[in-house]
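Student: I am new to this structure. Please take me through the largest pocket closely, and then through what else stands out.

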Amino acid sequence: MPTQRVRSLIVPVTICAAVTLSGQGAPPPAGIQPTALRVEYLANPLAVDAPRPRLTWEFVPTAVRGARQTAYRILVASRADLLGAGTGDVWDSGKVTSGDTANVPYGGRVLKSRERLHWKVQAWDERDRPGAWSAAAEWTMGLLDGRDWAARWIHDPGPAVADVSATCLRREFTLARPAVRAIARVSALGLYELRINGQRVGDRQLAPEWTDYTTRVQYQAYDVTPLLRPGANVVAATVADGWYAGGVGLGMIIAKKPRNVYGTTPSLLFELEVQHAGAGPTTVASDASWAATRNGPVRSADILNGEAYDARREMPGWDRPGFDASSWHPVAPGAAAGAGPRLVAQPNEPIRVTQELKPVRVTEPKPGVFVFDLGQNMVGWCRLSVRGRAGATVKLRHAEMLDDSGVVYTENLRGALQTDAYTLRGAPGESFEPRFTYHGFRYVEVTGDAERPRLEDLSGRAVHSAVTPAGAFETSDALLNQLWKNIVWTQRDNMHSIPTDCPQRDERLGWMGDILVFSQTAIYNFDMAAFLTKWIVDVRDAQAGDGRFPDFAPHPFGKNERFTGAPGWGDAGVVVPWRAYENYGDTRILAEHFDAAARWVEFIRRENPDLLWTKTRGNDYGDWLHGDTLVAEGWPRKGAEVPKEVFATAMFAHSTDLVSRMARVLGKDAEAKKYGDLFAQIKAAFNKAYVGADGRVKGETQAGYALALYFDLVPEALRPAMVRRMVAGIDAYKGHMSTGFHSTYRMMMELTRAGRTDLAYQLALQRTFPSWGYSIDNGATTIWERWDGYVKGRGFQDKGMNSFNHYAIGAVGEWMYRVVLGINADPAQAGWTRAVIRPQPGGGLTWTRGSYHSIRGRIDVSWRQPSAATFSLDVTVPPGVTATVFVPARDAAQVSEGAGPAARAAGVRFVRMEGGAAVFEVGSGQYRFAVK
Ligand code: BGC
């Protein structure tokens, strides 16, 4: 089974609370029991490269107040029966006094390639009572050294250029005895789909996914034991161009290459290791004994352009023994696995089909042109049932929007065709689903000479990196709820091995500025630990020798050339690992990344010795898509853009601050001081150059104030004046934002920090243009790239840059979790050991409920304010987490918790009054605070 997460999907808070925390009268079971065991953030991974893998667990939810782990014991065994008998022959940690439940490093002997380990964990609670052992879990080590591979890269030796059909490869082999365990390790330069004895292996899509193939290529491991049998077996693979040899976003613009950015020849790497009882293993590897053909059904496949499939060319039985492959030719064996780019086990969740959407309607805007509406802007592909004669072809064109005549609008896709074609073999029950491409779309145009399609013939298959949902959000306000849904969909739609800017046009790149602003929202929505751990390595792989980070990663176009080193984009190389550390308590990501982050800051400093980032700003995007870029009736205003040197210097300061904080966490005291001092000097330079004595920030923009406030660049005494100026800026735009990518959510956060949450709600709920509400009222089901992507009467924005599926301004999701629900981590402690629950009602909302599944378990919050006079707050805290709870009240005596009036039940400690709230401290358990 491929690696996958076991944690259940988020279910509505109330239901879950009833299920897990009921049984009020029954005596609580003694102790706490670990569950949801993970290794390097994944459940039961089959290939782990970390020499000392880190182990993480949570606890079975309990209603017990103040439950927490005070000690743990981990057993790691070489066999399941040994583990079952309580023997940790590989490692027995013994009872370790510690509250740690996340990223606990394995501490036993050195682990070898291929080793399979079984493990479980037990915890002692706050009363030192040992609880029940967890269920058993396992992991298998990857191939830790290139020399551990027996396989060679193989490819079809036929002509490379012009012919873009996918390659089919096969090999028959004989097993003398049954398989006890069989692991296949597979990779490709390109994309592969693997079959054994007629069955598809695993449910991964677009493997081996995207990395800088010149540096690092991922492989995937599969347990294929049930697919094998004694006697003849066949392994068969289709290998397509993918990112390696097909089109890559901006490839034409930057490298003048419509395809072949990394290489010209897709290749396969395969190794199967079969264990038998009482005999040595059998190994089957990709080598000269394989056969290949390009006469299979996949005639062309390209990530950006789509897939063409000719069912007449299917080769029944090609993936089973006994097939006549005499017309196939021998493969060309290439480099040995260990001699090519570094092979690494995929460290994050696979791309998968995660859901299927049924169309809500089909129209026929022109005769023979059928347009399906899936009701949701989504990413993936379609499955189509089709009827017709052999040789008839149906074409599917994918688009995000319709034009005024109801025809698909494709101009904003630029060079990406997003078109699939299926040629029928003329058999009953034909259906088509591509596998070597993906599209961003809500609408699908079906044309061709097959029979007229019916509504039920088509479905949309959502395809993305299958990260586990972590957040839930619902309120009494329908607009806010739709906004949250749009943010979540946009995130789903933009995770394909890397965090992309957009999923539809010929771009789809890991644009760093976008994930810089969106990373915290992303973390609230989904468990991003493994995904970001993978991507931050892509960022390092793309860092130039002079310390410059790229503007997007992976960066296939050369390290010191165009599209590197831009303020607010390169800085993601500092901000994103810091976010991962803050949320997952991951110190290893900081340790591995610290030098890269410091080199980035040194690069900026070297180029700008006066500490104002005025020189060497690369493409210098600034606060991208600020108010001046809007084109609409009543919005020809100018002056919204924060001056680029102000923006850049603010980013420089922030990155330096974070590098100093990283050093402190890592115990690098000298560096912590060095970068702390540098941060102070940059701030001084910033204030001298750009901030007036009256608090005016050069440019007098909403964005300038938001950034200076958010990054703590200005003296405390100036903050009130600057907030006043920021608010005046909002007034000047008649209660609207004129901010860009980087300053939009930061202004929301700063309004709240300054006590103007009322105004933040007003912006969040604004329906007139520009606003999130405007897009929703115009049918948006995802976040638009531009506030004015479509404006009634005016039509579409510039077709050259107009995505309807771009998460950057969806970073407001962070404000929604932090302020509306009030779920925060204590900034002083990484890894959610301390939560700060501080909901700030407003905007006329009468109730909310939601949750965040942190690395330490799920935190639930719901509040009700049916009238101005009553307020209640329900909070559920998982074992091991302490929560500081802010309950809006004039004084503590107004607040009751638990049964009786003004009662304060066990485990609730009043701490202080602060900012119009009574502040309490609680441990695990379920609490209801009522304010009269
Ligand atoms: C992308 C953005 C990206 C930007 C750089 C655009 O084409 O779609 O989201 O951050 O370029 O400014």
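Tutor: Start with the elements that build the lining of the largest pocket. Several helices each supply at least two residues: helix 6 (512-525), helix 8 (572-584), helix 10 (644-665), helix 14 (744-753) and helix 17 (812-821). Three strands do so as well: strand 37 (823-825), strand 38 (834-837) and strand 42 (882-888). Keep in mind that this is a predicted model.

The largest pocket has a volume of about 1300 Å³. It is lined by 41 residues, and the closest to its centre are Glu-582, Tyr-710, Arg-818, Ala-825 and Pro-827. By class, the lining has 19 nonpolar, eight polar and 14 charged residues.

Now turn to the ligand. Its surroundings include four aromatic side chains to find on screen: Trp-511, Trp-569, Trp-624 and Phe-741. Tyr-621 is there too, along with Asp-501, Arg-505, Glu-507, Asp-514, Glu-785 and His-806. This shell divides into five nonpolar, one polar and five charged residues.

Look next at the polar contacts. A polar side-chain atom of Glu-507 is 2.6 Å from an oxygen atom of the ligand. For Asp-501, the distance from a polar side-chain atom to a ligand oxygen is 2.7 Å. An N or O atom in the side chain of His-806 lies 2.8 Å from an oxygen atom of the ligand. On its own, the ligand has 310 Å² of accessible area, and the protein covers 96% of that.

Some of the helices named above also help to place other residues. His-626 sits in the loop between helix 9 (587-607) and helix 10. His-626 counts as buried because its relative accessibility is 8%, under the 20% cut-off. Thr-739 is 113 residues away from His-626 in sequence, yet their C-alpha atoms are 4.8 Å apart in space.

Pro-554 lies in the loop between helix 7 (529-541) and helix 8. The peptide bond that leads into it from Ala-553 is cis, with omega near -5°. A second cis bond runs from Phe-769 to Pro-770, again with omega near -5°. Pro-770 is in the loop between helix 15 (757-764) and helix 16 (772-777). Why pick these out? Most peptide bonds are trans, and most residues other than glycine have a negative phi.

That brings us to two residues with positive phi. Glu-40 is not a glycine, but its phi is about 50°. It lies in the loop between strand 1 (34-39) and strand 2 (54-59). Glu-40 is buried, at 12% relative accessibility. Leu-206 has a positive phi too, near 55°. Its loop runs between strand 13 (199-200) and strand 14 (216-223). Leu-206 is buried, with a relative accessibility of 3%.

Two more loop residues complete the tour. Ser-286 is in the loop between strand 17 (279-285) and strand 18 (291-293). Its relative accessible area is 0%, so Ser-286 is buried. Its side chain reaches the backbone oxygen of Arg-152 at 2.7 Å. Asp-457 belongs to the loop between strand 32 (439-448) and strand 33 (458-465). Asp-457 is buried as well, with a relative accessible area of 4%. From Asp-457 to Gln-894 the C-alpha distance is 60 Å, and the two are 437 residues apart in sequence.

Definitions and conventions. Residues numbered from 1 in each chain as written. Predicted model: local features only at pLDDT ≥ 70, side-chain atom pairs only at ≥ 80, totals over all residues. Heavy atoms only, no water. Near = heavy atom within 4 Å. Polar contact = N/O pair within 3.5 Å; in protein donor to acceptor, adjacent residues only side chain to side chain. Areas by Shrake-Rupley, 256 points an atom, 1.4 Å probe, with all protein chains shown as cover. Nonpolar A, V, L, I, M, F, W, Y, C, P; charged D, E, K, R; others polar. 1 Å grid on protein atoms, 1.4 Å probe; cavity = no way out; pocket = protein on both sides within 12 Å on 5 of 7 lines; lining within 4 Å. Points joined across faces, edges and corners; volume = space filled by probe spheres on them. Helix = DSSP H or I, 4+ residues; strand = E, 2+ residues; numbered from the N terminus. Buried < 20%, exposed > 50% of the residue type's maximum accessible area, 1.4 Å probe, protein only.
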